[in-house]
Amino acid sequence: MKLNGKVALVTGAARGIGAGIAKALCREGASVLVCDLLEQEGLETVKELTELGGRAWFYKLDVTSETNWKAAYTYVLEKTGRLDILVNNAGISIRQNIEEMTVENLDTMLAVNVKGPFLGIKHALPLLKKVGGGSIVNIASICGLVGHLYTSEAYTTTKGAVVQLTKSVATRHAKYNVRCNAVAPSTVLTGLTEKFLEDPQRRAERLGEVPLGRLATIEDVAEAVLFLVSPQGAFINGVILPVDGGLTAY
Ligand SMILES: NC(=O)c1ccc[n+]([C@@H]2O[C@H](COP(=O)([O-])OP(=O)(O)OC[C@H]3O[C@@H](n4cnc5c(N)ncnc54)[C@H](O)[C@@H]3O)[C@@H](O)[C@H]2O)c1
């Protein structure tokens with residue numbers, strides 16, 4: 001197993017892509033702190049991981065709260081004594097065009113999608129440095145790479161910020177053997193997208209833009225994250241890896 005003895009914290013891991021990432025990390029031997037606002041779903045995810053033979057715990061973390069982040073790291077240290085991997089996956093999308101976007105909704109998206117990863121990294125760095133290095137993966141989006149036609153300006157703005165946060169941490173902390181990369185998925189069928197994908201026209205738009213002609217799966221994204229944090233990805237740093245069937249190759 002690639003991640004034996006490693007300890008990971010994954011945000012937004014109660015469901016969707018985050019749960020898939022937690023599952024992949026556990027499968028490869030990592031102990032995983034499943035963090036989310038959703039307690040019931042989080043506990044169910046942990047149960048599933050444990051039944052599969054993994055080592056996992058749930059922690060109720062609101063990524064927008066610095067106090068919560070500090071408490072989550074205290075908890076992970078109590079449980080395992082170390083941190084090797086941080087996956088900043090929690091994210092939201094409020095679908096409003098720029099002309100309609102309220103300041104409250106903009107602030108909420110910035111808080112979850114940008115402040116969240118920023119604070120997570122801020123408080124992870126001392127722990128990663130203490131164990132001689134580690135790996136951070138941020139879940140960005142193709143929207144962080146292109147001006148996506150079907151996505152709100154606000155979401156795109158937040159994911160662009162995640163891309164630059166990734167590159168900045170990658171260059172400034174590499175000397176401590178801390179790597180920081182991002183994964184940039186195209187549309188994945190999850191709780192975030194299931195409602196609008198019920199609309200046949202929107203579904204067709206999303207399928208039509210992908211050269212490989214399908215939506216990304218949770219597993220597509222989880223395996224990319226696994227690669228980046230595993231020894232096989234040891235020299236990969238500061239990369240924004242599209243998992244998009246070729247969408248951003250246009
Ligand atoms: N689904 C897609 O098409 C797609 C494409 C590209 C990128 N992404 C990104 O992937 C990530 C995961 O998305 P998903 O599709 O699995 O969505 P999801 O809604 O299924 O899961 C997101 C999880 O984050 C949690 N969360 C939300 N706010 C939080 C907070 N303040 N603190 C802690 N947890 C919080 C939610 O409770 C939820 O469990 C997001 O960052 C999203 O922007 C998704």
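## H3 against H4

In this predicted model, helix H3 covers residues 66–80, and it packs against H4 at an angle of about 30°, with the two axes 9 Å apart. Because angles under 35 degrees count as roughly parallel, H3 is roughly parallel to H4. As for handedness, H3 and H4 make a right-handed crossing.

Who does the touching here? On the H3 side you'll find Glu66, Trp69, Lys70 and Tyr73, and they meet Leu119, Gly120, His123 and Leu127 of H4. Sorted by class, the contact of H3 with H4 has 4 nonpolar, 2 polar and 2 charged residues.

## H4 against H5

H4 has another partner to look at. Helix H4 (residues 103–130) packs with helix H5 (residues 153–173) at an angle of about 15°, and their axes are 9 Å apart. That angle makes H4 roughly parallel to H5. Once again, take a look at the handedness: H4 passes H5 in a right-handed crossing.

Which residues of H4 meet H5? They are Leu106, Met109, Leu110, Asn113, Val114, Pro117, Phe118, Ile121 and Leu125. Facing them from H5 are Ala154, Tyr155, Thr158, Lys159, Ala161, Val162, Leu165, Val169 and His173. By class, this contact of H4 with H5 has 14 nonpolar residues, 3 polar ones and 1 charged one.

## Zooming in on Tyr155

Let's pick out one residue from that list. Tyr155 belongs to helix H5. Is Tyr155 buried or exposed? Tyr155 has 22 other C-beta atoms within 10 Å, so it counts as buried.

If you skip residues up to four places away in sequence, Tyr155 touches Ser93, Met109 and Cys143. Met109 is also one of the H4 residues that meet H5. There's a long-range pairing to check out as well: Tyr155 and Arg95 are 60 residues apart along the chain, and their C-alpha atoms are separated by 8.1 Å.

## Asn138 on strand S5

Now over to a strand. Asn138 sits in S5, which runs over residues 134–139. Why does Asn138 count as buried? It counts as buried because it has 29 C-beta neighbours inside 10 Å, and the cut-off for that label is 20 or more.

Leaving out its neighbours within four places in sequence, Asn138 is in contact with Asn88, Pro117, Val162, Leu165, Thr166 and Ala182. Pro117 in H4 and Val162 and Leu165 in H5 turned up before, in the contact of those two helices. You can also measure along to Asn113: Asn138 and Asn113 are 25 residues apart along the chain, with 10.0 Å between their C-alpha atoms.

## H1 against H8

Time for another pair of helices. Helix H1 (residues 16–27) and helix H8 (residues 218–229) pack at an angle of about 50°, and their axes are 8 Å apart. That makes H1 oblique to H8. The crossing of H1 and H8 is right-handed.

H1 brings Gly16, Ile17, Gly20, Ile21, Lys23, Ala24 and Leu25 to this contact, where they meet Ile218, Glu219, Val221, Ala222, Glu223, Val225 and Leu226 of H8. Split by class, the residues of the contact of H1 with H8 are 9 nonpolar, 2 polar and 3 charged.

## The nonpolar core

In soluble globular proteins, nonpolar side chains tend to be buried together. How many residues does the largest nonpolar core have here? It has 73. The ones with the most contacts inside that core are Ala22, Val32, Val34 and Val225.

Val225 is worth a closer look. Apart from neighbours within four places in sequence, Val225 is in contact with Ile21, Ala24, Val87, Val137 and Val183. Ile21 and Ala24 are also among the H1 residues that meet H8.

## Two loop residues

Asn177 is in the loop between H5 and strand S6 (178–185). Its phi is near 65°, a positive value in a residue other than glycine. For comparison, most residues other than glycine have a negative phi. With 15 other C-beta atoms within 10 Å, Asn177 is partly exposed.

Gly233 is in the loop between H8 and strand S7 (240–243). Gly233 has 20 other C-beta atoms within 10 Å, so it is buried. Not counting neighbours within four places in sequence, Gly233 is in contact with Phe227 and Leu228. Gly233 and Thr248 are 15 residues apart in sequence, and their C-alpha atoms are 22 Å apart in space.

Conventions. Residues are numbered from 1 along each chain as its sequence is written. This is a predicted model: local features need pLDDT of at least 70, side-chain atom pairs count only at pLDDT 80 or more; totals for chains, interfaces and linings use all residues. A nonpolar core is a set of buried Ala, Val, Leu, Ile, Met, Phe, Trp, Tyr and Cys residues joined through C-beta atoms within 7 Å. A residue is buried if 20 or more other C-beta atoms lie within 10 Å of its own, exposed if 12 or fewer, and partly exposed in between; C-beta atoms are placed from the backbone. Two residues are in contact if their C-beta atoms, placed from the backbone, lie within 7 Å. Axes are lines fitted to C-alpha atoms, for helices over the stretch in contact, and angles run from 0 to 180 degrees between N-to-C directions. Helices (H or I, at least four residues) and strands (E, at least two) are DSSP runs, numbered from the N terminus. Angles under 35 degrees count as roughly parallel, over 145 as roughly antiparallel, 65 to 115 as roughly perpendicular and the rest as oblique. A crossing is left-handed if the near helix is turned anticlockwise from the far one by less than a right angle, and right-handed if clockwise. Ala, Val, Leu, Ile, Met, Phe, Trp, Tyr, Cys and Pro count as nonpolar, Asp, Glu, Lys and Arg as charged, and the others, Gly among them, as polar.
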